[in-house]
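Trainee: I've just opened this one and I don't know where to begin. Can you walk me through the ligand and its surroundings?
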Amino acid sequence: MIKLHDKHFKAFLSEAQIEAAVKNVAEKVAADYKDEVPIFVGVLNGAFMFVSDFLKHYPYDCEVSFVKLSSYQGLTSTGIVETLLDVSEDIEGRSVVILEDIIDTGRTLKELVHLFSNANVKEFKIASLFYKSDVYNGEYAIDYWGIEIPDKFIVGYGLDYKELGRNLKQVYQLNQKHMINLVLFGKPGAGKGTQAEFLKEKYNLKHISTGDLFRYNMKNDTDLGKLAKSYIDKGDLVPDEVTIKMLEDAVDKNPDASGFIFDGFPRTAAQANALDKFLAGKDMKVDATIALEAKDEILIQRLLERGKVSGRSDDQDEDKIRNRFDEYNEKTAPLKDYYEEQGKFHSVNGIGEIDEVTHRLGKVIEEL
Ligand code: AMP
């Protein structure tokens, strides 16, 4: 697995596979053009490696030139194709073979054909190393191609993701399933919810707060809400089996998420075990547990302030708050050892400006 900018890519085609494909294209073209001197026109930037290796495998006389177009910006084709380097003029009556690194939708190809349409060439053919046959619009025949590939974003061997990756000898595929799953740990009032709001935007994660889910159910007076209320109002934990099931349902509702922030879950050893088991069944895992640390007295002040605004019954009474701390110390704090044994426990100072704390959390996440 490699990382370019913000994305992860996994190995897709080896050097040997690429070389065999390049050789194969060169041999097929050579068989058709051995009796004349074709002009090969490489399409920059992506095709430079292909053109170079293609020529090494091309045994007869030939000329080479380049054009430069641009249509990809990031991961998706913008549909806007610009001509940055035009074709030379002395190609009239000659056979031109375009050397492309990849044919996907066909938008770039259309522009290329347009570029050559007034050049009075004898023959115009298209050779591409990679060919996404599933998405190609089929407007022009692709005369030669090396490897048909599925519609996945690839980098390496000349192809880039935001200009990185062109120098890779192998080809890598975007790994859409690379997830980051975080557990935000910390006593009530430590800032888990606040920080989760920032982190979910920054890292494109789905935020699941079991506290929020309970409050939603209480507000809507569901059976789950009625059950949870009796515990929450006292500052006690809701029983594991109820909480675990609710959390699993919330994860299942987001099959396309690129990762989760679990906020307020797990809070007991049974929940931590259940989470590991549940995620493993989906080929997922907890990547890191980050605890936001702050002193009780500061937290009590924060919670009482919050209680005035939010109306949360469990934030308005110091005894209830202390009971929540006791629950944390007794049932949740021991999970530190559980995650530490797995090398997944990190601790961050939760005191300071919100963005300072976000920055501290970001440092941990980016090193994962
Ligand atoms: P929070 O908003 O995370 O502080 O949660 C508020 C209350 O919801 C807690 O005091 C518990 O009563 C209940 N709760 C939230 N998450 C859990 C959990 N993982 N296990 C048991 N109870 C929970």
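Mentor: Sure, and keep in mind that this is a predicted model. One term to begin with: a residue is near a molecule if one of its heavy atoms lies within 4 Å of it.

Trainee: Okay, so which residues around the ligand come nearest?
Mentor: There are 16 residues around the ligand, and T210, R215, D236, G264 and Q271 come nearest.

Trainee: What does the side chain of T210 do there?
Mentor: An N or O atom in the T210 side chain is 2.7 Å from a nitrogen atom of the ligand. For Q271, a polar side-chain atom lies 2.9 Å from a ligand nitrogen. With V238 the polar atom belongs to the backbone, 3.0 Å from a nitrogen atom of the ligand.

Trainee: How much of the ligand's accessible area does the protein cover?
Mentor: On its own the ligand has 480 Å² of accessible area, and the protein covers 97% of that.

Trainee: Which helix gives the most to the shell?
Mentor: That's α5, residues 210-219, with 4 residues. Sorted by class, the shell has 6 charged, 5 polar and 5 nonpolar residues.

Trainee: Switching to pockets: which one does the ligand take up?
Mentor: The ligand takes up space that is the largest pocket. Its volume is about 860 Å³.

Trainee: And what lines the largest pocket?
Mentor: It has 40 lining residues, and P188, G189, K192, R306 and R312 are the closest to its centre. Elements giving two or more residues to the lining include α4 (192-203), β12 (206-209) and α9 (296-310).

Trainee: How does that lining split by class?
Mentor: You get 16 polar, 14 charged and 10 nonpolar residues.

Note on methods:
Residues are numbered from 1 along each chain as its sequence is written. This is a predicted model: local features need pLDDT of at least 70, side-chain atom pairs count only at pLDDT 80 or more; totals for chains, interfaces and linings use all residues. Side-chain values use heavy atoms; hydrogens and water are left out. A polar contact is a pair of N or O atoms within 3.5 Å; within protein, one must be able to donate a hydrogen and the other to accept it, and residues adjacent in sequence count only if both atoms are side-chain atoms. Accessible areas come from the Shrake-Rupley method with a 1.4 Å probe; for residues, only the protein chains shown count as cover. On a 1 Å grid over the protein atoms alone, a cavity is a set of points where a 1.4 Å probe fits but cannot get out, and a pocket is an open set with protein on both sides within 12 Å along at least five of seven lines; lining residues have an atom within 4 Å of a point. A molecule sits in a cavity or pocket if more than half of its atoms lie within 2 Å of its grid points. Ala, Val, Leu, Ile, Met, Phe, Trp, Tyr, Cys and Pro count as nonpolar, Asp, Glu, Lys and Arg as charged, and the others, Gly among them, as polar. Grid points are joined across faces, edges and corners, and a volume is the space filled by probe spheres set on the points.
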